[in-house]
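Reader: I am new to this structure and would like a close look at a single part, the main nonpolar core. Could you take me through that part slowly and show how the rest is arranged around that region?

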Amino acid sequence: MATTSPSDDELVAAVKVVRDAHPALGIVKLWGQLKADRPEWAVSEKRFRKALSSVGGSDGVASSSTATAKPKKNELVALTGLDATLDITAVAPKVKAKMFGGTKGKGVVAKAKIQAGEVLWQEEPWIACPDPGFKPHLASRRLCANCLTQWESTPPMAVACPSCADAHFCNRLCLSRARPHASHHELLCEGANPAAREINSLVTAREWRSLDVAARIIAKWRGERAWGEPGAAEAVEKRVWGGIARVNMETREAEKADWPTRKDFTTRQWQLGHAAIVAALNPAPEAKTHKRFTQLLQSKAKGRKLAPLSPEEEARWFSYESFLELLGLVNINLEDSGGLYAVHAHLNHSCDPNVQVRNLPRGWVPPAEDKLPTELPERNPPGVRGTNKLTILARRTIHPGDECTISYVDLAFPRDVRRQALRDGYGFWCECVRCVRERVEEEKEAARKATARAAVARAMANHEEAKKNAVDELAHKVDELAVDDML
Ligand SMILES: [Zn+2]
Ligand SMILES: [Zn+2]
Ligand SMILES: [Zn+2]
């Protein structure tokens with residue numbers, strides 16, 4: 001193949017793509033990857049190193065597996081770690097969590113063969129949160145505020161929240177589970193804590209679900225710290241700030257082309273959201289809401305003396321910076337159907353995923369082992385909403401060592417649209433097997449078209465040449481005839 005030398009701009013752009021797609025590779029392997037991606041280019045190692053250092057890739061390219069290093073400038077890297085509070089094997093015996101390192105972070109890898117249609121695991125939300133679109137159902141007693149089961153009419157065993165008229169539960173069990181899931185935590189119930197109203201009205205008016213979930217995470221920690229078992233608040237702290245992946249929301253948004261036009265408005269919204277959370281969950285001593293909030297905390301403390309928050313706790317949970325990180329955490333981990341899930345949050349994306357995530361109707365039974373492999377469950381019948389329990393199923397055979405992947409975007413989108421959506425929403429350029437295969441196909445197709453165009457151009461040129469020769473020949477004959485006539 002004839003090789004060409006790319007311009008500096010072309011090279012730097014391509015080096016950045018390779019670096020983002022293969023964060024764990026060292027310089028020489030990255031150079032090899034560029035050669036594989038761009039076989040038509042001639043690029044020396046020296047030139048490659050120069051381009052790599054210009055995109056900030058000469059240090060920390062082969063980064064450590066803890067992945068808690070500070071992100072490089074202009075690069076969106078989620079901070080993540082293995083969740084020390086989670087025993088994945090207890091939930092999902094055939095898989096394990098693995099740290100890949102670099103920008104990829106962690107993922108789920110099969111430990112044993114998993115057959116098509118097999119259930120990898122099922123899990124309840126760690127933080128349950130309905131879509132704001134469901135709020136009218138909650139208010140009209142057609143949705144359980146904990147498990148999010150939708151009812152035709154209120155079930156006979158249903159119970160209402162003891163402190164407000166806005167929340168109903170399937171039964172006492174759902175009410176008792178509401179606190180650990182923080183789905184209707186006492187601290188966010190407007191009846192028990194009127195200062196929570198401002199959060200709820202922002203969530204409803206702006207359909208701002210990530211604010212709702214962020215508030216529930218903080219309320220969960222605050223509740224565990226005041227009333228929980230020993231170690232419960234520390235477990236929430238470890239999961240949020242050391243386990244589940246997060247990015248700073250402002251860093252993420254500032255990357256987008258339209259950010260300058262949105263910056264003022266969006267920043268104002270964030271400030272309002274942050275102020276509402278502080279007023280409801282950590283009011284300053286001089287704030288109007290302080291006395292009522294302190295009484296609420298103390299009233300359920302069973303005589304335990306509650307220590308004030310330390311400066312570190314204040315900064316960790318209630319600073320504006322932490323708020324932006326929590327919003328970013330919610331945005332990259334939220335499962336539309338039900339909230340945040342501890343194991344599910346480990347699953348990485350592929351445009352050809354081997355795993356499917358479902359909210360199946362209550363009463364669905366996993367296939368027996370002797371029925372495997374089998375088809376995936378059919379779509380839920382119209383009008384039947386699944387519960388917020390997730391079921392993770394294999395779409396095809398998964399072998400030990402394979403990474404288990406789901407799709408974060410609509411798989412029907414073309415490659416460029418998928419990749420841009422993933423970059424905008426999750427901060428990475430997808431280089432999955434399907435994306436690479438489709439790029440090779442597109443390049444082959446482009447090359448085939450270029451060859452065909454060249455062939456047509458050649459044929460046209462030949463045709464012109466032949467026509468010109470024929471005309472010349474004819475003219476020559478005419479000249480001869482004219483000479484004959486003269487003789
Ligand atoms: Zn309530
Ligand atoms: Zn329920
Ligand atoms: Zn892809």
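**The core and its surroundings**

Author: In this predicted model, the domain assignment divides the protein into domain 1 (8–54), domain 2 (127–240 + 251–305), domain 3 (344–434) and domain 4 (435–487). The C-alpha centres of domain 2 and domain 4 are 74 Å apart.

The largest nonpolar core holds 80 residues, and those that touch the most other members are Leu 120, Ile 199, Ala 214, Ile 218 and Ile 277. Helix α8 (residues 209–227) supplies the largest share of this core, namely eight residues. Because domain 2 (127–240 + 251–305) and domain 3 (344–434) both give residues to this core, it lies between them. To see the packing around one member, take Ile 199, which, once neighbours within four places in sequence are set aside, is in contact with Leu 188, Leu 211, Ala 215, Ala 276, Ile 277 and Ala 280.

A second core, separate from this one, has ten residues, among them Val 15, Val 18, Leu 34 and Phe 48. Leu 34 in α2 and Phe 48 in α3 also belong to the residues through which these two helices meet, together with Ile 27, Leu 30 and Trp 31 on the α2 side and Glu 45, Arg 49 and Leu 52 on the α3 side. The axes of helix α2 (residues 27–37) and helix α3 (residues 45–54) come within 10 Å and cross at roughly 105 degrees, and the two helices are therefore roughly perpendicular to each other.

As for confidence, the mean pLDDT of the protein is 88, with 94% of its residues at 70 or more, whereas over residues 58–75 the pLDDT is below 50. Where pLDDT is low, the predicted coordinates should not be read in detail.

Methods
Residues numbered from 1 in each chain as written. Chains lettered and ligands numbered in written order. Predicted model: local features only at pLDDT ≥ 70, side-chain atom pairs only at ≥ 80, totals over all residues. Domains from an automatic or database assignment. Core = buried A, V, L, I, M, F, W, Y, C linked by C-beta atoms within 7 Å. Buried ≥ 20, exposed ≤ 12 C-beta atoms within 10 Å, placed from the backbone. Helix = DSSP H or I, 4+ residues; strand = E, 2+ residues; numbered from the N terminus. Contact = placed C-beta atoms within 7 Å. pLDDT = per-residue confidence, 0-100. Axes fitted to C-alpha atoms, helices over the stretch in contact; angles between N-to-C directions. Parallel < 35°, antiparallel > 145°, perpendicular 65-115°, else oblique.
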